[in-house]
Amino acid sequence: MESIIVNEKLSVVGSIDNERTKQLTLLQIFLLNSVVCGIEICACAGFTYIPPLLLKNGFSEENMSLILGFGPLLALFCTPVIGRASDKCHCPYGRRRPFILAISIVLIFSLYLIPFGESFISMFIGKSDLSKRLGILLMTIGSVMLDFTSQTCLTPCEALLNDACKNTGQQERVFSIYSLMVSSGGIIGYLLSAINWRSNSVGQYFGGEEASVFSILIIMFTLMLSATLIVAAEKPLLRYPKTSTSNEQDGHYDELVKSSQNAIALESGYESSSSSRSVSEENLHNILVTKETNYSVSYSKSVRSILPHSIRNCLTVVTSKSKILSHICALIQTLGSSVYNLLPTNVQQFLNVPVVLRHLALANFCSWTAVMGFNLYFTDFVGQIVYRGNPNAPEDSEAGNLYDEGVRMGSWGLLLHCITSAVYSFFIERLVDKYGSKMTYMMGMTSFCFAMTGMVLVPNVYIVNLMAAMTGFAFATLTTIPFILVSRYHEEKELYFFDVITTTSSSNHGIGTYIATLDSAYFLSQVILTACVGYIVHITGTVTAYMVSAGCMGLFSVIFINKIVVTKQELVILCNDNKIDLKN
């Protein structure tokens, strides 16, 4: 009787799994990535102007860094929630598009506030010192909102791309084009900021340089957003009604089969995506055994699994040496367990990260800390160190004009950075096939370390821009390799995510949850960067510390990239080194 029930359930799953995945055309891939290009245009052009605008309005380097850190800090907490919510969204328009649209509306509003905040306030209270102060406040709020939305919106966009190419074998191509579109967005964004809008009719029409650029950004982003929303033909995530059965075992298998359907066949929620993998009776039996034997997980074990392996070893050694210290360590673990129990379920699930993804996120964190340290502060570095200008100098003074000219020249350097990244993205797929993901990743970040070294040692405008162009290799690598690896992990998550897949909540996680985890490392890198680098500059007394800090983090990233798991053999070695039991 039991085998008949299993066969009946598997026939239902098999009927869904037999549908083959359609291949995406090149035009579809480009249009799906158009909103990503628009986001990058807004971010690159916007944040070329935002740091100088903040400095010119009286903010110090430390305060400017803190303001630039608020957006990533908000994204750090909101992105995991957005990723998990998009995995479970039952909206008739699809799972990812509602989130993309909602976040994009806030992004467009922030683009309006930055240049027109003071004018907006003046319409109600007139021009005065109060309107100027409120205008600065709105500009600051708009800057934080732009930073937050331009980064948070990428998570549902990346999940949408993965949904579209699921089981097509097009992951490398889709994310290579993703990297190309990000770089192309940077090219357009930095090109917009490198043009002197004051001397042309467009700038005169919109009423200034910043007003012209941000008005153009609103128009371009709206068009690109519309293209993606139209092309992305998502299917809504289906709801399965609960079936009442007279046999408890039948109901238990119903639950397992529905879980398999949600996790495999309908996970993408995309019209051209469905799973080609079938669920065998042996796999279903293994799921049942796993659920029965591993259903309850100790909170103390969960907390200990979050700690790095080296810290756990230290705790073990210390407890073996001293009884007093052992009691202290036991108290710390008890307190940690209590705190963990008090956390919301979403936070607990976020902390329960697979060890393989944890290694990738750590390398991603160091890499993005390095690259964003360059991207955010490069124009300020060129303006103050290369051109020896002063952002706090009076308007139209020699020092002020030199700083503005340096910022404009720095925009050309960032433009070269994006051009290099765009060109290099064409070759990443071939390099991955020939040298592997890890070696390609490592080569990109090694070139970044050389670029930062040359920039600091020779602060010449030509050498600095040449080094800026070289950083494009790292940027193209960062926007491609980690997402390829996450897609690969997710396709075989029973293998790579073995340490968290035993719980029902973890096994039902979609790709949006794992991409959100990876993006959280990116946001955390910016939070720590903006919180610390301003004080480092204050202590050292020079903005050269921006590039030195970026180079050091690039070196750390190379070290941690070497610990990333790519193959099954590396997974076995990782488990042996960390004394983790890898079950077949």
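## Cavities, rings and a few residues to look at

About 480 Å³ of space lies in the largest cavity. Here a cavity is a set of points, on a 1 Å grid over the protein atoms alone, where a 1.4 Å probe fits but cannot get out. Grid points are joined across faces, edges and corners, and the volume is the space filled by probe spheres set on those points. Lining residues are those with an atom within 4 Å of a point. For the largest cavity there are 33 of them, and Glu40, Ala43, Met372, Phe475 and Tyr522 come closest to the centre. Helix H3 gives the largest share of this lining, seven residues. By the same rule, the count of cavities of 30 Å³ or more comes to four.

Before going on, a word on the model: it is predicted, so local features need pLDDT of at least 70 and side-chain atom pairs count only at pLDDT 80 or more, while totals for chains, interfaces and linings use all residues. Residues are numbered from 1 along each chain as its sequence is written, and side-chain values use heavy atoms, with hydrogens and water left out.

As for the overall build, the protein has 27 helices and zero strands. These are DSSP runs numbered from the N terminus: H or I with at least four residues for helices, E with at least two for strands. Of the 584 residues, 54% count as buried, where buried means under 20% relative accessible area, exposed over 50% and partly exposed in between (1.4 Å probe, protein chains only). Contacts (heavy atoms within 4.5 Å) reach far along the chain: among those between residues at least 6 apart in sequence, 82% join residues at least 24 apart.

Now for the second largest pocket, which has a volume of about 1200 Å³. A pocket, unlike a cavity, is an open set with protein on both sides within 12 Å along at least five of seven lines. Its lining has 42 residues, with Leu53, Lys56, Asn57, Arg198 and Glu210 closest to the centre. Helices H3 (34-56), H5 (97-125), H6 (129-152), H10 (209-231) and H18 (398-435) each supply at least two lining residues, and H5 gives the most, with eight.

Here is how the two linings divide by class. Ala, Val, Leu, Ile, Met, Phe, Trp, Tyr, Cys and Pro count as nonpolar, Asp, Glu, Lys and Arg as charged, and the others, Gly among them, as polar.

| Lining | Nonpolar | Polar | Charged |
|---|---|---|---|
| Largest cavity | 20 residues | nine residues | four residues |
| Second largest pocket | 16 residues | 15 residues | 11 residues |

On to the rings. The count comes to 12 aromatic pairs. Rings of Phe, Tyr and Trp (its six-membered ring) pair if their centres lie within 6.5 Å; planes under 30 degrees apart are stacked, over 60 edge-to-face and the rest tilted. Phe374 and Phe448 make an edge-to-face pair, 6.4 Å centre to centre with 85° between the planes. Because Phe374 sits in helix H17 and Phe448 in helix H19 (residues 437-457), this pair ties together parts that are 74 residues apart in sequence. Both Phe374 and Phe448 are buried. Tyr377 and Tyr546 are stacked, since their ring centres are 4.1 Å apart and their planes at 10°. With Tyr377 in helix H17 and Tyr546 in helix H26 (residues 544-561), the pair ties together parts that are 169 residues apart in sequence. Tyr377 and Tyr546 are buried too. Elsewhere, ring pairs link Tyr112, Phe116, Phe120 and Phe124 into a cluster.

A few single residues are worth a click. His417, in helix H18, is buried at 2% relative accessibility. The side chains of His417 and Thr471 are joined by a polar contact of 2.8 Å; such a contact is a pair of N or O atoms within 3.5 Å, where within protein one must be able to donate a hydrogen and the other to accept it, and residues adjacent in sequence count only if both atoms are side-chain atoms. Beyond its neighbours within four places in sequence, His417 is in contact with residues including Phe374 and Phe475.

Arg97 lies in helix H5 and is buried, with a relative accessible area of 17%. Its side chain reaches the backbone oxygen of Ala232 at 2.9 Å.

Arg388 belongs to the loop between helix H17 (355-386) and H18 and is exposed at 67% relative accessible area. Its phi is near 55°, a positive value in a residue other than glycine. Most residues other than glycine have a negative phi.
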